[in-house]
Structure formats: C-alpha cells, structure tokens
Amino acid sequence: KKLLLLDISRLQGGWRVGVYDNFVIEGIEEAVRKQNPKIGNLFVMTSCSSGETSWVSPDLGDAGQSVFGHFVTRGLAGEADELNGKAGDRRVTVLELFRFVHTRVDGWVKRNRDPAGQHPRLLAADFDAEKALAAKDTTFPISTVSARSTDKSKEANQFDAEGAKKE
C-alpha cells in the first residue's frame, strides 16, 4: 500500500529553457496504467491535471508553498477526516485525502489565481477516481489523527471548506 504525491507542472512551456510543452502528467498516467502488478496498491496523486499549472502562493504556509502542498499537509493533519464538518474515524484514507485536496485546491485557485481552476488527479491501475468519489470509500488509511493534531489544525485553519481565506 503506497501513495506517491507529486507536486509538479509549474512550467507548461518556455522557449527560453527549451520546453515546448510539458507532457509530464500524460507520462505519469501511462506509467501508472502499465505499472508492475508486483507493486500493487500504488496510488499516485498529482498536483494538477494535464495542461494546468500547479500554483504557488507566498500567503500559504510559513514562507509560502504550493497550493497543493498546503492542502495535502492540512488534509494529513486531520482535516480530510472531517467530512462536512462531522468528526470522522480519526483515520485519513487515500480517497478522503483526495476529496479534501481536490476541493480545496480547485476552490482556492479559482478565487485567487485562475478561474479555470487546478484539478489534482488520483491515479492507480484499474482505478477510476470519478467512480470512486461517488462510491463508498474502500481505499487504505494513510494517516492516523490524534485529537491534539485535529485541534491544532482547526486553530491554524485560515481557510473555509472551499479553500477561501477567512477574515
């Protein structure tokens, strides 16, 4: 059981550095589809979809960080376990983390950087993330949340459920 988090695609193209177009997401998707069955239970979460930019902000974290990294950190700290404001089971699964990160990243980017948004992807061999989002969560837990870390994440919470900065 493995989860690989890839915060990539900051540069879509730049003729000065010799990048005509950035096809890294497509390459990752193909590699995941063809993954060796011996690896098994490998999930890959990318910071954005093909053709998108993974945005960064100096307003996030202590010294600024990517929007994806910011919400992954908050999700792993326990916020992803609290669906719709309800306390969860104190375990963050892959799908809970993805739901949390996808919603928050897209909402934050739409309000602060790009109206088209940023759409993290969850990839795995023989796994359809869109179907999984509508179904019961059967993915494995990746983090256990203590009551103390949940309280701290609530105190540090500067953003609402859609990723908008609270006043």
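In this predicted model, helix α2, which spans residues 67-76, and helix α3, which spans residues 94-112, have axes that come within 9 Å and cross at roughly 140 degrees. Since angles over 145 degrees count as roughly antiparallel and 65 to 115 as roughly perpendicular, with the rest as oblique, the two helices α2 and α3 are therefore oblique to each other. The crossing in which α2 passes α3 is right-handed.

The residues that make this contact are set out by helix below.

| Helix | Residues in the contact |
|---|---|
| α2 | V67, F68, F71, V72, R74, G75 and L76 |
| α3 | L97, F100, V101, R104, V105, W108 and V109 |

By character, the residues of the contact of α2 with α3 divide into eleven that are nonpolar, two that are charged and one that is polar.

A second topic is the nonpolar interior. The largest nonpolar core has 20 residues, and among these M45, V67, V101 and L122 touch the most other members. Two or more residues of this core are given by each of β2 (42-46), α2 and α3, and the largest share, nine residues, comes from α3.

Which residues does V101 touch, when those up to four places away in sequence are not counted? The neighbours of V101 are then M45, F68, F71, V72, D106 and P120. Of these, F68, F71 and V72 also belong to the α2 side of the contact with α3, while V101 itself is on the α3 side.

Apart from the largest core lies another core, of seven residues, which includes I8, I25, I28 and L123.

Definitions and conventions:
Residues numbered from 1 in each chain as written. Predicted model: local features only at pLDDT ≥ 70, side-chain atom pairs only at ≥ 80, totals over all residues. Heavy atoms only, no water. Axes fitted to C-alpha atoms, helices over the stretch in contact; angles between N-to-C directions. Helix = DSSP H or I, 4+ residues; strand = E, 2+ residues; numbered from the N terminus. Parallel < 35°, antiparallel > 145°, perpendicular 65-115°, else oblique. Left-handed = near helix turned anticlockwise from the far one by under 90°. Contact = heavy atoms within 4.5 Å. Nonpolar A, V, L, I, M, F, W, Y, C, P; charged D, E, K, R; others polar. Core = buried A, V, L, I, M, F, W, Y, C linked by side-chain atoms within 4.5 Å. Buried < 20%, exposed > 50% of the residue type's maximum accessible area, 1.4 Å probe, protein only.
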